[in-house]
Amino acid sequence: MMTPARKAAEGIRLDFSDAVQLYKEENLLNLANWARAIKEKKSGKNVYYNVNRHINLTNICVSGCPLCAFACTAEEKRAYVMSQEEVERIVQSTMAKTPDLSEFHMVSALHPEKDFDYYLTIVRAVKRIAPQVHLKAFTPVEIVHFSKISKRSIEDVLKTLKEAGLDSLPGGGAEILDDEIRKEICPNKATTKEWIETIKTAHRLGILTNATMLYGHKETIEQRIRHLFTLRDIQDETGGFQAFVAFPFHPANTGFSDLKRVSSWEDLKMIALTRLILDNFDHIKAFWMMLTMPIAQLSLAFGVDDLDGTVEEEKIIHAAGAKTNKGITKQEIIQLVSETGYIPVERDTFYQPVEKF
């Protein structure tokens, strides 16, 4: 019988028990070597990034998730909601100073009063001003919220957004796809079933997505790994995931502020294991903003081939205590990748190369 280590070394598909054993027993550097081999088989020496801009429309939310530091009620001083005019000014300003911008990344809280037309109007406005820029917007959790407030099916919501100009979904809000833990960390937002339904429907409609996982809070190792196998099963069925990114939980200012942020060792172990399990994903992304730049750089030796992008202004993670910059220049990403011996490749959202250095 082939051992999990032998399977990982030879690039043979792992099963659940293999993955658990590798996590609990295998040397971290072995995991790194095997994950890096898979990365290089899929994307060679290339490491991707894009020039993007985050827009967070509002932090007013009905969910009240204990794990979230960003969301608040309308009565709090820090509460805000952007008007269409404010979004248009951001888009115009960004376009003026960032001529090589390729993507707007727009996610928000679940506002209790804004109707579906508010979001549709903003999507149309963004695409009217910047028709050539890819619009990646709204997590599956938001799509489920839109479905409920508009009394439309998830499919109808997605079709309507696509017609308005939506190009892809970021895939957030997955946290851990296990309703037992979701009842504790995010009891009032989309269930596992609803998240999966939204993703599969988007893929069926030709809307590509990313996939995510938030780890390092109340979940078990087995729940993390089961989450990854759920994503692998979906990808086997639909082929609609472009990339996977694991987010380490930042506990500051959340309902779980008594927890400690997991170690960098744990981050790198999860990144490598993810690359080994998700054999049908072309790209594994390290979100430098959550990992810190040094660990994001090191992750390139643990199976990562994508460092996300320039971002420019991020609010959600920083509300939970992230100390990284809210943006990074293209030159900084190029230097960071080049120092590792890999090749920085500026890409569009669909991983088509824009420029290679």
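**Exercise 1.** Is Asp-178 buried or exposed? Determine also where Asp-178 lies and which residues it touches.

*Solution.* The model is predicted, with local features requiring pLDDT of at least 70 and side-chain atom pairs pLDDT 80 or more, while totals for chains, interfaces and linings use all residues. Residues are numbered from 1 along each chain as its sequence is written, and side-chain values use heavy atoms, with hydrogens and water left out.

Step 1. Recall the cut-offs: buried means under 20% relative accessible area, exposed means over 50%, and partly exposed lies in between (1.4 Å probe, protein chains only).

Step 2. Asp-178 has a relative accessibility of 15%, so it counts as buried.

Step 3. Asp-178 is located in the loop between H7 and helix H8 (179–185); helices (H or I, at least four residues) and strands (E, at least two) are DSSP runs, numbered from the N terminus.

Step 4. Contact means heavy atoms within 4.5 Å. With neighbours within four places in sequence left aside, Asp-178 is in contact with Thr-192, Gln-223 and Arg-226.

**Exercise 2.** Describe the surroundings of His-227.

*Solution.* Step 1. His-227 belongs to helix H10 (residues 221–238).

Step 2. The relative accessibility of His-227 is 0%, and therefore this residue counts as buried.

Step 3. Leaving aside neighbours within four places in sequence, the contacts of His-227 are Ala-174, Glu-175, Ile-176, Leu-177, Thr-212 and Met-213.

Step 4. From its side chain, His-227 reaches the backbone nitrogen of Leu-177 at 2.9 Å.

**Exercise 3.** Which residues have the most contacts inside the largest nonpolar core? Examine two of them further.

*Solution.* Step 1. A nonpolar core is a set of buried Ala, Val, Leu, Ile, Met, Phe, Trp, Tyr and Cys residues joined through side-chain atoms within 4.5 Å.

Step 2. The largest such core has 112 residues, and those with the most contacts inside it are Leu-57, Phe-138, Leu-161, Trp-195 and Phe-244.

Step 3. Consider Phe-244. Beyond its neighbours within four places in sequence, Phe-244 is in contact with several residues, including Met-213, Leu-228, Leu-231, Leu-278, Phe-281 and Ile-284.

Step 4. Consider Phe-138. This residue is found in the loop between strand S4 (134–137) and H6. Phe-138 counts as buried because its relative accessibility is 0%.

**Exercise 4.** Where is phi positive in a residue other than glycine? Compare the accessibility of the residues concerned.

*Solution.* Step 1. Most residues other than glycine have a negative phi.

Step 2. Phe-138 has a phi near 75°, a positive value, and Lys-151 has a phi near 60°, also a positive value.

Step 3. Lys-151 lies in the loop between H6 and helix H7 (154–164). Its relative accessible area is 76%, so Lys-151 is exposed, whereas Phe-138, at 0%, is buried.

**Exercise 5.** Characterise the largest pocket and the second largest pocket by volume and lining.

*Solution.* Step 1. On a 1 Å grid over the protein atoms alone, a pocket is an open set of points where a 1.4 Å probe fits, with protein on both sides within 12 Å along at least five of seven lines; lining residues have an atom within 4 Å of a point. A volume is the space filled by probe spheres set on the points, which are joined across faces, edges and corners.

Step 2. The volume of the largest pocket is about 230 Å³. It is lined by 15 residues, with Glu-10, Gly-11, Ile-12, Ile-38 and Lys-41 closest to its centre. Helix H1 (4–10) and helix H3 (28–43) are the elements that give two or more residues to this lining, and H3 supplies the largest share, five residues.

Step 3. For the classes, Ala, Val, Leu, Ile, Met, Phe, Trp, Tyr, Cys and Pro count as nonpolar, Asp, Glu, Lys and Arg as charged, and the others, Gly among them, as polar. The lining of the largest pocket has eight nonpolar, one polar and six charged residues.

Step 4. The second largest pocket holds about 170 Å³ of space. Eleven residues line the second largest pocket, and Val-51, Thr-98, Thr-310, Ile-328 and Lys-330 lie nearest its centre. By class, this lining comprises two nonpolar, five polar and four charged residues.

Conventions
A polar contact is a pair of N or O atoms within 3.5 Å; within protein, one must be able to donate a hydrogen and the other to accept it, and residues adjacent in sequence count only if both atoms are side-chain atoms.
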